[in-house]
Amino acid sequence: MTSIPVNNPIVARIRGSVQQLLALVSLIAILVFFSFASPYFFTTSNLIGILVAATVTGILALGTTFVIVAGGIDLSIGTGMILCGVMTGVFLTYWGWPVWLGVTAAILFGGLIGFVNGLNVSVLGLPPFIATLGMMLVTAGLALVISGTKPIYFKEHPDFQLLMNYSVIPGARFPLGVAIFLVLTVVAAAVLGKTIVGRYAFSIGSNEAATALSGVNVARWKITIYTLSGLFVGVAGVLAASRLSSAQPVGGQGLELEAIAAVVIGGTSLQGGRGSIAGTVVGSLIVAVLTNGLRVTAVPQEWQSVVVGCVIIVAVYVDMLRRKRA
Amino acid sequence: MTSIPVNNPIVARIRGSVQQLLALVSLIAILVFFSFASPYFFTTSNLIGILVAATVTGILALGTTFVIVAGGIDLSIGTGMILCGVMTGVFLTYWGWPVWLGVTAAILFGGLIGFVNGLNVSVLGLPPFIATLGMMLVTAGLALVISGTKPIYFKEHPDFQLLMNYSVIPGARFPLGVAIFLVLTVVAAAVLGKTIVGRYAFSIGSNEAATALSGVNVARWKITIYTLSGLFVGVAGVLAASRLSSAQPVGGQGLELEAIAAVVIGGTSLQGGRGSIAGTVVGSLIVAVLTNGLRVTAVPQEWQSVVVGCVIIVAVYVDMLRRKRA
Amino acid sequence: ACSDAADKPGSGGGGGDKQPYVALISKGFQHQFWQAVKAGAEQAGKEFNVKVTFEGAKEEGNVEQQIQLLQTVIDKHPDAIGFAAIDSQAAAPLMTLAKNEKIPVVAFDSGVDSDVPVTTASTDNLAAAAEAAKHMAEAIGHEGKIALVIHDQTSVTGVQRRDGFVNYIKKNEPKIQIVDTQYSGDPLKATDLAKAIITANPDLKGIYGSNEGAAIGVVHAVQEKGMNGKLTIVGFDSGKDQIDAIKSGAMAGAITQNPVGIGYETVKAAVAVIKGQKVEKTIDTGFYWYDKSNVDDPKITAVLYQ
Amino acid sequence: MAALLQVSGASKSFPGVQALDGVDLELRHGEVLALVGENGAGKSTLMKLLSGIDKPDAGEFYLDGQQYTPRNPHHAHQLGISVIHQELNLMPDLTVAQNIYIGREPRAGGFLLSERALNRRTRELLARLGLPLEPTDLVGDLTVARQQMVEIAKALSFNARVLVMDEPTAALNEVEVDTLFGLIRRFVTPQTGVIYISHRMHELGQITDRITVLRDGRYVDTLDTATTSIPQVISLMVGRTITGEQRPRGAVRDGEPVLTVRGLRTKALLRDVSFEVRGGEILGFAGLMGAGRTEVARALVGADRRDGGTVVVHGREVAIASPADAAKAGIGYLSEDRKRYGVLLGRSVRDNVVLASMFRFAGPAGVVADRLIGRTAAEYVTKLRIRTPSTGQLVQNLSGGNQQKTVVAKWLVRDCDVLIFDEPTRGIDVGAKDEIYALLDELAAEGKAIIMISSELPEVLRMSHRIAVMCQGRITAVLDNAEATQENIMDFATRFGAEGAVTP
Ligand SMILES: Nc1ncnc2c1ncn2[C@@H]1O[C@H](COP(=O)(O)OP(=O)(O)OP(=O)(O)O)[C@@H](O)[C@H]1O
Ligand SMILES: Nc1ncnc2c1ncn2[C@@H]1O[C@H](COP(=O)(O)OP(=O)(O)OP(=O)(O)O)[C@@H](O)[C@H]1O
Ligand SMILES: [Mg+2]
Ligand SMILES: [Mg+2]
């Protein structure tokens with residue numbers, strides 16, 4: 001009759017992990033379903049293909065998890081990524097910088113975009129939605145202006161495309177880009193869970209006023225968090241450009257919603273204060289697997305978005321039911 | 001030393017209106033700027049053109065103001081509008097219904113979309129972002145499926161296009177659609193400001209838990225509010241179809257951000273609990289005037305989005321400064 | 001349970017030994033133009049008894065999305081791939097991959113800048129746009145101001161349909177001045193945009209719309225401005241609205257490609273390659289100018305879609 | 001020797017309100033100074049100036065004789081001033097330990113946190129303070145009382161010289177109050193001092209050395225506690241004398257039960273809770289923190305999941321799945337957690353007052369009668385003496401006690417048959433308390449059934465016809481007012497273990 005006390009930290013920890021594992025169930029269910037539905041689905045090469053497809057949005061989602069946990073939102077990640085790709089092209093092709101320098105500069109440029117967002121949000125005090133919507137339009141425009149509305153190709157650096165495509169496991173076509181995604185996942189999880197940046201992100205998202213009252217310099221940490229997210233945007237931009245061995249000046253609009261959706265599907269609250277990197281990764285994979293599975297099983301394209309929409313609703317609902325019960 | 005007491009309700013009321021008027025200042029500044037920049041800008045026909053361009057997004061923004069005031073968000077309005085257009089085509093052209101019936105049915109169909117959103121949000125308890133993102137994908141897909149990815153033309157009802165285009169002031173080419181937009185603005189302002197629906201929208205957005213504990217059936221009112229927003233989506237869909245005298249099955253994605261931006265530029269808080277229809281209208285007009293002005297002055301298109309982005313940031317910032325001072 | 005499926009990976013031959021499988025990846029799928037290409041492809045599929053699938057980017061011009069589709073399709077090992085590249089160079093690594101996997105590629109629509117495709121079934125967009133410019137010049141009497149509404153600022157078709165038109169005017173029509181070029185293929189947006197152009201240029205004589213969406217946007221803009229007949233409109237592609245506008249005289253005429261033919265020829269060529277037959281390096285699917293005088297000509301109606 | 005902390009001539013105004021007007025205050029070394037005054041007298045405002053949240057319009061502060069100008073709360077901390085604010089300032093999504101040491105986390109070097117060190121340090125702190133909290137619990141899952149303890153632990157974790165406590169006991173029970181007083185006594189040394197704000201007058205004699213009284217934002221007087229009587233303080237506060245009755249007027253013994261609850265159970269805590277309330281009766285609920293009184297109320301009105309039990313109103317069983325159902329059945333619930341479940345902070349007093357009865361003000365088309373709303377709100381503002389420049393003032397700009405009055409007004413307007421008041425006088429000044437008591441008596445006299453949950457035993461004894469005592473989710477006794485004393489209530493409130501449960 002009496003409930004089990006959870007004072008025991010080990011019990012609590014196990015319970016916590018089980019809960020996170022449970023979020024995986026929707027993902028696994030989808031995987032199993034498509035494995036039966038198509039013989040082409042559960043193959044090494046297709047699974048790697050899914051990971052490749054998840055890489056760019058996934059990296060964006062990782063970075064934006066911090067922003068959302070801190071109670072903000074970043075609509076500029078999609079077009080910001082495009083602009084970072086263009087800047088990679090500018091650095092490498094127009095200015096002829098060496099790859100390492102150009103790539104570093106492009107990633108830092110992403111950080112700069114995030115930094116400006118952070119300033120607008122915390123110093124000017126703009127609502128994050130407006131600040132980053134403005135940035136979304138500005139970066140979309142700048143990408144076109146800077147590139148002269150034409151793709152930039154990496155003629156001088158034919159090796160640049162290896163950054164995404166180089167096979168780390170010879171023979172298996174497991175691309176470096178995916179490996180980078182995995183490494184960044186671990187890094188992001190560590191930063192969110194184990195460092196002061198993560199702690200303040202949760203704290204600000206949970207109660208910004210109280211955090212400020214506790215003597216935390218909220219403005220500075222918000223800028224840090226947006227900048228961090230911007231760095232992930234930079235990496236995503238570089239990898240996207242590498243994958244296409246060209247910097248495409250358009251697109252990106254809509255990616256922000258996809259990334260935010262992945263974060264929210266992963267159980268992070270848009271109210272801020274709650275979330276996890278593990279959830280975000282699972283969320284990204286759910287979207288990627290679903291999209292791929294529907295293509296592999298040749299569901300008519302116009303039906304695909306109907307199915308994706310329904311599955312997202314159901315997956316989040318099931319996840320919430322489980323949390324409630326746990 | 002002592003501040004002036006504002007116990008006087010008239011003083012308070014005037015102060016309130018001035019504040020709203022002040023939100024207009026950004027809009028007027030933009031209007032004045034373009035009037036000097038181009039001789040063709042401040043002409044009756046161009047100003048009417050701006051209103052026409054603002055109509056569809058404006059109507060979406062009106063409806064979604066309720067949802068945002070109540071602390072929610074609706075991402076499905078853009079594609080939902082497209083689907084309502086397609087349904088208009090189905091009712092009028094495929095099923096041959098008379099115009100009045102088909103139009104009413106299409107508007108109610110919009111209400112149905114909103115109703116389902118409301119159910120998902122309040123009965124299933126899904127985060128509004130996820131529920132309406134799912135709906136966005138579902139409606140986008142259904143619009144393609146139902147129309148067979150082809151525009152539907154109103155062959156049987158050549159008059160249908162008059163709904164948007166009929167000139168209410170003979171000679172001045174002031175279209176009926178714009179008049180409908182104006183009427184809906186008044187209706188929305190009355191509903192938000194003077195009725196119980198509006199009051200509950202503010203209460204729920206301000207503190208949902210406290211509202212529920214006050215004995216208010218929050219679930220029912222949320223459903224009402226999403227349904228109401230859906231009805232506006234239906235009207236927008238019908239008018240968009242009427243304008244082109246065809247139901248276009250694609251597009252709509254991105255319109256939701258534009259509408260939400262108009263709402264937020266108008267001073268409505270995404271946290272819920274604060275907002276006004278007047279602000280939303282001003283917000284819609286700022287976006288429409290800006291877009292038109294940049295086109296009329298032939299600013300290269302790649303620069304247009306840069307400028308719009310910056311102006312949005314500045315306009316909201318200036319508006320906030322004034323509020324703080326007032 | 002999953003291991004059952006894992007036991008039968010897509011080992012080579014893909015579609016197995018029965019029906020050959022041809023996968024088409026296009027630039028888009030939502031617009032009628034692509035639906036017409038798809039129809040042509042499916043018609044050929046039925047005729048030659050091959051399985052045909054047709055997919056395109058959700059947003060036309062989204063390279064990333066298209067590459068994703070191509071990747072998925074290569075993983076399915078079809079017997080041949082039809083590919084309309086949004087950006088050829090961006091697709092180069094996957095073209096190489098297809099070559100390594102021994103999947104023949106047939107390029108369609110605007111061609112793929114690579115030596116992998118065995119053949120290309122396409123329209124010469126530059127020439128087609130020049131043809132539109134020629135008709136525009138004639139219709140406005142070789143002098144005056146015109147403007148362009150281009151459906152896309154960065155895609156190859158957008159750029160070529162703009163540049164082909166502009167270059168023709170520059171070279172041959174010194175008295176014609178292009179005063180503004182703006183971009184949107186969404187009919188509603190194109191309408192508002194064309195209205196602004198007309199407002200800013202009261203002495204405008206003509207507007208060119210570079211695809212169906214842009215062209216009907218221009219038509220509606222002129223209607224809303226109440227300037228029917230005062231402006232010359234030249235369009236591109238077909239669709240019911242555009243055909244009606246031409247019949248009613250609201251539009252001077254338009255260029256049409258042969259989308260059904262493009263789809264058909266692509267699959268036909270793919271089948272030939274699968275069977276080991278030799279195919280021409282290029283298959284010109286042609287373009288046609290149509291206006292009030294020939295819109296009901298059977299040769300033209302055959303290539304129009306409604 | 002200069003005073004530990006001195007305030008001279010502090011003034012602060014807000015639009016339409018002169019909150020402070022030339023206030024002086026002196027805190028000596030080694031003393032506990034009480035700061036009292038009616039709701040809205042300016043106590044919290046003064047503390048906000050001291051902690052650097054707001055800037056004074058005029059006036060100076062001196063700390064040990066040196067001019068003290070706090071730039072922000074962090075700066076105040078560094079200078080040795082630690083404040084527990086009236087409203088909780090906690091991060092609900094963080095754990096107890098993370099809340100206490102926010103901004104001062106033990107690091108494992110650089111940016112890396114050491115969660116283990118954090119929890120160890122917190123456990124030590126909590127053990128030292130004798131607070132029954134678990135470092136790894138999420139603060140959002142705690143009751144207000146426990147959250148208040150987290151705030152106390154946090155304030156004491158600084159090595160502060162001046163500790164300011166703005167109504168720390170408003171949510172606490174006698175037992176926890178004793179714990180807190182023990183903490184305060186241990187904190188006070190010849191180098192430190194405490195400013196203690198409370199509306200519970202009997203506490204002043206137990207813990208304070210001197211009492212400073214504010215009225216209408218002005219300094220009135222400072223008295224030595226030892227030589228001052230409570231009525232004296234009260235008359236200085238309110239400018240008139242107040243004589244409260246000590247026990248309720250004659251109970252309404254007969255009459256049908258209006259509300260009957262049978263076998264109420266919840267998964268977490270409640271076990272077979274049964275009781276009834278008659279028309280015209282006030283049923284008090286007493287118990288220690290976490291005894292389950294709030295949970296009874298929340299389960300009863302459908303705010304929490306119920307695992308069993310029936311609710312009968314006026315002889316008819318009602319199905320209650322949500323507070324809306326409860327309200328429809330005529331049961332209203334005023335929550336103890338004002339900020340989270342009580343007020344709409346960003347809305348006007350007017351909107352808050354009519355929130356629970358909006359439908360009454362709406363015409364057939366749903367159009368609301370704004371004038372009637374305004375009149376009703378104004379009426380209750382006068383009746384409850386809510387100190388506000390107008391009914392259009394945002395509730396977030398009211399003082400804590402006036403916010404509480406606004407919530408009370410909301411339920412008075414609604415006019416339910418059964419009213420459950422959970423800590424209704426939390427943060428309300430003595431004068432206004434009497435007004436609220438009078439209102440409750442009045443409501444009871446009208447035949448309403450009233451449940452009053454309160455952690456202040458004198459209040460329970462003063463108001464209730466009968467008193468239900470709870471312990472560990474069970475009702476251990478239902479006492480008649482005549483037989484109830486502080487002692488036997490405490491006895492039943494500590495009947496841990498299975499035996500002793502009663503079912504009336
Ligand atoms: N931000 C603000 N804007 C407007 N008025 C305010 C603001 N803060 C406080 N006030 C007003 O200042 C006065 C003093 O408030 P304060 O909170 O200091 O009272 P208090 O003595 O702490 O009362 P209580 O015992 O109810 O907590 C009140 O009338 C209150 O309404
Ligand atoms: N939201 C919640 N989540 C988890 N546990 C809760 C929650 N609310 C209450 N509890 C637990 O339920 C128990 C009963 O709390 P309740 O608030 O009913 O006690 P109470 O008698 O009203 O005392 P007080 O209000 O003084 O704390 C406590 O142990 C508390 O920790
Ligand atoms: Mg106070
Ligand atoms: Mg309680």
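**Chain pairing and magnesium sites in a predicted model**

At 37% relative accessibility, B:Ala298 counts as partly exposed. This residue of the predicted model sits in the loop that joins helix H12 (277-296) to H13 of chain B, and its phi is positive, about 55°, although the residue is not a glycine. A word of background may help here: most residues other than glycine have a negative phi. B:Ser245 is another case, with a positive phi near 40° in a residue other than glycine. Its place is the loop between helix H10 (218-243) and strand E4 (246-247) of chain B. With a relative accessibility of 23%, B:Ser245 is likewise partly exposed.

Attention now turns to how the chains meet. Five pairs of chains touch, and the most contacts among them are between chains A and B. By contrast, chain C and chain D do not touch, their nearest C-alpha atoms being 36 Å apart.

Chain B can be superposed on chain A by a rotation of 180° with 0.1 Å of shift along the axis, giving an RMSD of 0.1 Å. This is the relation of a two-fold axis. Within chain B, the C-alpha nearest that axis belongs to B:Gly254, at 3.8 Å. Both copies use the same surface, as 100% of the contact residues of chain B recur in chain A.

In this interface, 40 residues of chain B are in contact with 40 residues of chain A. The two chains bury about 3,200 Å² between them, and carbon and sulfur atoms give 87% of that area. On the chain B side, the residues that lose the most area to chain A are B:Phe129, B:Leu257 and B:Ile313, which together account for 18% of what that side buries. As for polar links, four residue pairs are in polar contact between chain B and chain A, both residues of each pair being at pLDDT 80 or more, while zero salt bridges are found across the interface. Helix H5 (128-147), helix H11 (255-265) and helix H13 (301-325) of chain B each supply at least two residues of the side that touches chain A. The largest share of that side comes from H5(B), with 14 residues.

Chain D offers a look at two magnesium sites. For the magnesium ion (ligand 3), the protein donors are D:Ser44 through OG and D:Gln86 through OE1, at 1.9 to 2.0 Å from the ion. D:Ser44 belongs to helix H1 (residues 43-50) of chain D, whereas D:Gln86 lies in the loop between strand E6 (81-84) and helix H3 (96-100), so the pair ties together parts that are 42 residues apart in sequence. D:Gln86 counts as buried because its relative accessibility is 13%, under the 20% limit.

For the magnesium ion (ligand 4), the protein donors are D:Thr294 (OG1) and D:Glu336 (OE), lying 1.9 to 2.5 Å from the metal. Helix H9 (residues 293-300) of chain D holds D:Thr294, and the loop between strand E16 (331-334) and helix H11 (338-342) of chain D holds D:Glu336; the pair therefore ties together parts that are 42 residues apart in sequence. D:Thr294 is buried, with a relative accessible area of 18%, and D:Glu336 is also buried, at 16% relative accessibility.

Methods: Residues are numbered from 1 along each chain as its sequence is written. Chains are lettered from A and ligands numbered from 1 in the order in which they are written. This is a predicted model: local features need pLDDT of at least 70, side-chain atom pairs count only at pLDDT 80 or more; totals for chains, interfaces and linings use all residues. Side-chain values use heavy atoms; hydrogens and water are left out. Donors are N, O and S atoms within 2.8 Å of the metal (3.2 Å for Na, K and Ca); water is not among the atoms, so sites may look incomplete. Helices (H or I, at least four residues) and strands (E, at least two) are DSSP runs, numbered from the N terminus. Buried means under 20% relative accessible area, exposed over 50%, partly exposed in between (1.4 Å probe, protein chains only). Copies are superposed by least squares on the C-alpha atoms of residues with pLDDT of at least 70 in both. Contact means heavy atoms within 4.5 Å. Buried area is the accessible area (1.4 Å probe) that two parts lose on being put together, summed over both. A salt bridge is a side-chain nitrogen of Lys or Arg within 4 Å of a carboxyl oxygen of Asp or Glu. A polar contact is a pair of N or O atoms within 3.5 Å; within protein, one must be able to donate a hydrogen and the other to accept it, and residues adjacent in sequence count only if both atoms are side-chain atoms.
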